[in-house]
Amino acid sequence: MSAVLNFKSHLAHLFAEALRVVAPETQATILIERPKQASHGDYACNLAMQLAKPLRQSPRNIAQALIAALPASDVIEKVEIAGAGFINVFITTAAKQAVVKTVLHAEAEYGRGNIGAGRKVQVEFVSANPTGPLHIGHGRGAAVGDCLCNVLAASGWDVTREFYYNDAGAQIDNLRSSVQLRCQGITPDDPSWPENGYRGDYIADVARSYMAQETVEADDQHITGKGDVHDKEAIRHFAVAYLRREQDQDLRAFRVGFDVFSLESALYSEGKVAATVEKLIASGHTYEQDDALWLRTTDFGDDKDRVMRKTDGGFTYFVPDVAYHLDKWQRGFTRVINEQGADHHSTITRVRAGLQALNVGIPQGWPDYVLHQMVTVLRNGQEVKISKRAGSYVTLRDLIDEVGCDATRYFLAARSPDSQLVFDIDLATSKSNENPVYYIQYAHARIQTVLKQCEGLVFGDANVGLLDSEEEKTLLQQLIDYSEVVETAAHDLAPHLIAFYLKDLAADFHRYYNATRFLVDDEVVKLARLSLCAATAQVIRNGLGLLGVNAPDTM
RNA sequence: GUGCCCGUAGCUCAACUGGAUAGAGCACUGCCCUUCUAAGGCAGGGGUUACAGGUUCGAUUCCUGUCGGGCACACCA
C-alpha cells in the first residue's frame, strides 16, 4: 500500500530536482496541472515557458533539458514536449490502478489529509437572530458552513462549530413587544400595530404558547410561559427560548449540529463587553464627542470612525461583536472563519479594526470570512420576497419538507458562495429527476445493486491490472483526484468544489456502466471490475458525506 | 455618490486560480433496454466569455475604464 498516488506532488518534486540541475540560479514556481485534453497527457508542467525569459532560450530547448534532467520514476510512462513548450507527462496505467486497493483499504478514510495538522479552527455559521424561523438564506449558511467544517476536518483541522445568538438588543425588544401585543389580542392588521413589528403567524403561536403556560426546552434550559401579559421580561425570555427551540429543530432536520452556542446576552452578564470597552479606552484609540464614545476605526482602514457608546448609554452592536471575537481569540482559536450572508460585509472592517485596537497580538486580517451572496427564491416563476417583518418568506423547514433534506443541502452548497443563487422551488420539486443530487445518488445505488448480487467477494484478490479500458482509466484518474479536491476545497474555503467533483465522478461511472457489463462469466474479470465499482461507491459515499447528503443503496 | 460580490450557450452553472480547440446539465433533434436500476448512455446544433483598452510567450482569469445585476454604506442589529 505504499504506492505513489499523489502524482501531482510527486511530479513537482521531480521537476524541482530537474530545475536545480538545469537552472540552479533561477527561482521558479513548479506548477503541475491537469490538461483538459487526454492527448496532452495526465499532467502538464509549464516550467519551460517560465524559464524562457530568464534563461534567454527557447521554451522547447529548455523543456528538452528539463526532461533529460528529470529523475527516473516508475510511475511515468512517457514525457512529451508539446505546443509552446508544455511538458506533458503520461502516468503508467499500473500506477493508476493502485488507487482501487488504496480506496478499498482506507474506506471512509480515503481522501482525508493532514494539512491542518490538528490545529484548532473555529467556524461560526448560521448565527440567526432568535426572532423567527430560519429562512432559505440561513439554509445556505447552514449548508455551506457545515460542508466547510466537514472539509476542514477531513483535512486534519480540529474544527469547532459555533452558533452565536444575538439575544440582546433592539430586535429582541421588538420581538418581545410583538408577542406581547399578540398576547393582548392585537393583530398586525390593527392600526395600533407598530410599523416594524413582526407580523408572521409564528408570533401568534409564541403568544398562544406563552399564555397557555407551556414549557419549552431550548439548549439545556426549560422555560415555562408565565401567562402574564404585562411581564415584559418573562415574555422576552419565553419568546427567545421558543424560537431557539424552533431553530434547533430546523437545524436538526437539516442535519446540522453545533458544538458551542454563544449568547450575546452572556457577553454582557459576564462583563466581557464592559471589559472590552475598558481595554479599548486604555488603548488610546477612543474619544468622546457629542456625548458619545467613538472608536477611531480609521486608524485601521475604516473610512470613518464608529460610535461605540450611544448618547443614550447603550452600546452599538459591533461592541459586543468585538468582545465576542476577543473571546474566541482567548479561547485559543488562532484561526476563526465566519460564514455569513453578504449583507454583513460592512461589519468585517469594524470588527477587525476593534480587534487591532485592542493590541493583544491578534494578526491583521483575523478572522477569515466566507460571505455567501443572497438567495433568490422562485415559486411559480415569480420571485418570493423574503421579509421577516411582513411574514412572507420561505422557511428552511418548508424547503426540507417540499424538496427534501438531501436536495436542499446539495442545491445550497453546490455553488460558489460568491455568486447569487436562484432557488427554483418548482424545478427542485416537480421535476426532481433534473436535480443533480439524484444523478450522483443514482450512481451509488446502481453500484450497490450490482454488488448485492455477488456476496462474499474478496477485493484484495482482485487483479486490478485488468482495468485498462478508456472508461476504466478515466474513472481511475477521477478517484485519484479526490484527495486533491478535498485539499483544495479546504484551502480555498470552497466546499462547492466537492459537489462539482461528485457530478463528474458520477458521470464517469454512468458512462462506464453503460459501456461495460460487470457480471460476466470470467470470475477474474468480474472481480476486477467490481472492485473498481466498489471503490467508486466508496468515494461517492465519502464525498456525499462531506456535503451531508445521504448515499442510498436503492432508489 | 463610496465600498464589496457577480456578469460565460436560450436557462442554471463549470473551467484545476495565467495555459493548449471555453466545458456540463436542462431545453431542442435523432438513436440505445428479452442482459447488472433508462433518475442512465451515445450523437448533433447552439459562444465576439457584457463592452473598450492594457499587462505577456499566452487572459474567461490580472490591471484601468464603461455598462448591467445584487448587497452594504445610522448614535438599527
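This is a short tour of a predicted model, moving from the whole chain to its domains, its nonpolar cores and one loop.

Begin with all of chain A in view, coloured by secondary structure, which comes to 19 helices and 17 strands. Along the principal axes, the C-alpha atoms fill a box of roughly 80 × 60 × 40 Å. If you switch on a surface, chain A shows about 24900 Å² of accessible area, with 47% of it belonging to carbon and sulfur atoms, while 51% of the 555 residues count as buried. Colouring by charge brings up 55 positive and 72 negative charges, and the mean positions of these two sets are 2 Å apart.

Next, colour the chain by domain. Select 7–91 for domain 1, 120–158 together with 268–372 for domain 2, 170–253 for domain 3, and 435–547 for domain 4. Keep domain 2 and domain 4 on display: their C-alpha centres lie 43 Å apart, and where the two meet, 11 residues of domain 2 are in contact with 10 residues of domain 4. Contacts that span long stretches of sequence are a feature of chain A as a whole, for among its contacts between residues at least 6 apart in sequence, 72% join residues at least 24 apart.

Now hide the surface and turn to the interior. The largest nonpolar core has 117 residues, and Leu152, Phe423 and Leu547 are the ones with the most contacts inside it. Select residues 523–547 to see helix α19, which gives the most to this core, with 13 residues. Then centre the view on Leu152 and show its surroundings: leaving aside residues up to four places away in sequence, Leu152 touches Val121, Val123, Trp157, Val159, Arg335, Ile337, Ala490 and Leu493. A second core, separate from the one just visited, has 25 residues, and you can find it by selecting Ala323, Tyr324, Leu355 and Leu371, which are among them.

For the last stop, select Asp291, which is found in the loop between β10 (286–289) and β11 (292–295). Is Asp291 buried or exposed? Its relative accessible area is 65%, and because exposed means over 50%, Asp291 counts as exposed. Even so, Asp291 has partners from elsewhere in the sequence, since it touches Lys310 and Thr311 when residues up to four places away are not counted. To finish, draw a distance from the C-alpha of Asp291 to that of Gly313, which is 22 residues away in sequence, and the viewer should give 9.2 Å.

How values were computed: Residues numbered from 1 in each chain as written. Chains lettered and ligands numbered in written order. Predicted model: local features only at pLDDT ≥ 70, side-chain atom pairs only at ≥ 80, totals over all residues. Heavy atoms only, no water. Core = buried A, V, L, I, M, F, W, Y, C linked by side-chain atoms within 4.5 Å. Buried < 20%, exposed > 50% of the residue type's maximum accessible area, 1.4 Å probe, protein only. Helix = DSSP H or I, 4+ residues; strand = E, 2+ residues; numbered from the N terminus. Contact = heavy atoms within 4.5 Å. Areas by Shrake-Rupley, 256 points an atom, 1.4 Å probe, with all protein chains shown as cover. Lys, Arg positive; Asp, Glu negative; His and termini not counted. Charge placed at Lys NZ, Arg CZ, Asp CG, Glu CD. Domains from an automatic or database assignment.
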